[in-house]
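Please load the model in a viewer and keep the selection panel open. The tour proceeds by selections, each followed by a description of what is found there.

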Amino acid sequence: MTGASCENSVDSKGALAKLAPLEAVLFDVDGTLCDSDPLHLQAFQVMLQEIGFNGGVPITEEYFIENMAGKHNDDMARILFPDDFQRGVKFCEDKEAMFRKLASEQLKPVNGLFKVKKWIEDRGLKRAAVTNAPRPNAELMISKLGLSDFFDVVILGDECERAKPYPDPYLKALEMLKVSKDHTFVFEDSVSGIKAGVAAGLPVLGLTTRNPEQMLLEAKPTFLIKDYDDPKLWEALEELDRKTT
């Protein structure tokens, strides 16, 4: 673990206590509710190879993390097809269809997800899914995970003026749930998503599902956790509970 990461985790226990009484918890979807990035990478590798991208050599996970993870499809279209945006948009739409086929067969929740779901339900907190994914993807993932009745609202980057890394999707979630940023926190797994939450003035807990810790730390999360079973998370939630009662 890097020095920055150690330092980051030292004060995690009391990091959420200032939010008491907690009103809401916001979740990203891809990589945060489920470990979906390998399926996105697989779809990109197959389809980019078919069109001879990168000389027909499959893109690496590192390339995917740097250029695609957490980004909106419009941004990826510009990266992949800088001279033909419309072709990029169509390519990304086709890639999402392939992703949905893979996800319908292989999607799994991040460890501990249902434990934190129960914690939120037991306290009667409001909750939203906030994602840059297209609606068909978001609805498929949420449904496959059995969370369709869990979320009060699903906010899409597509339906905001600006997608993540801008704060607009998180600000819209606060508005729709009628909650304060001073009593709400976010779970995120990408640099783009963490930046969006931080820009909205929200504490963000970063999951190290796939993206390198150091990259995530540069986006300034409140602290990082491995998954929802991480003792750091439960120490922070217990401290929050103590401040609430």
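Select Asp28 first, in the loop between β1 (24-27) and α2 (37-50); helices (H or I, at least four residues) and strands (E, at least two) are DSSP runs, numbered from the N terminus. The model is a predicted one, in which local features need pLDDT of at least 70 and side-chain atom pairs count only at pLDDT 80 or more, while totals for chains, interfaces and linings use all residues. Residues are numbered from 1 along each chain as its sequence is written, and side-chain values use heavy atoms, with hydrogens and water left out.

Is Asp28 buried or exposed? Its relative accessible area is 5%, so Asp28 is buried (buried means under 20% relative accessible area, exposed over 50%, partly exposed in between, with a 1.4 Å probe and protein chains only). Now display the side chain of Thr32: the side chain of Asp28 makes a polar contact with it, at 3.0 Å. A polar contact is a pair of N or O atoms within 3.5 Å; within protein, one must be able to donate a hydrogen and the other to accept it, and residues adjacent in sequence count only if both atoms are side-chain atoms.

Extend the selection to the contacts of Asp28 (contact means heavy atoms within 4.5 Å). Neighbours within four places in sequence aside, these are Leu33, Val130, Thr131, Lys164, Tyr170, Phe187, Glu188 and Asp189.

Two of these partners lead to the next selections. Tyr170 is among the buried residues of helix α8 (residues 168-177), together with Asp168, Pro169, Ala173, Leu174 and Leu177. Show the elements that cover these residues: they include β1, β2 (126-131), β3 (153-156), β4 (184-188) and α9 (191-199). Just after α8 comes Lys178, in the loop between α8 and β4. Its phi is near 60 degrees, a positive value in a residue other than glycine. Lys178 counts as exposed because its relative accessibility is 72%.

Lys164, the other partner, is joined to Pro165 by a cis peptide bond with omega about 20 degrees. Pro165 is placed in the loop between β3 and α8. Select next Ala20 and Pro21, which also share a cis peptide bond, with omega about -5 degrees; Pro21 is found in the loop between α1 (3-10) and β1.

Go on to Asn54, in the loop between α2 and α3 (61-67). Although Asn54 is not a glycine, its phi is positive, about 60 degrees. With a relative accessible area of 46%, Asn54 is partly exposed.

Pro136, in helix α7 (residues 135-144), is likewise partly exposed, at 43% relative accessibility. Add Glu96 to the selection: the two residues are 40 apart along the chain, and their C-alpha atoms are separated by 8.8 Å.

Finally, select the whole protein, which has 11 helices and six strands. What is its radius of gyration? The value is 18 Å, which agrees with the value near 18 Å for a compact globule of 245 residues; the radius is taken over C-alpha atoms, and the globule rule is 2.2 Å times the number of residues to the power 0.38. Along the principal axes, the C-alpha atoms fill a box of roughly 60 × 40 × 30 Å. Of the 245 residues, 53% are buried.
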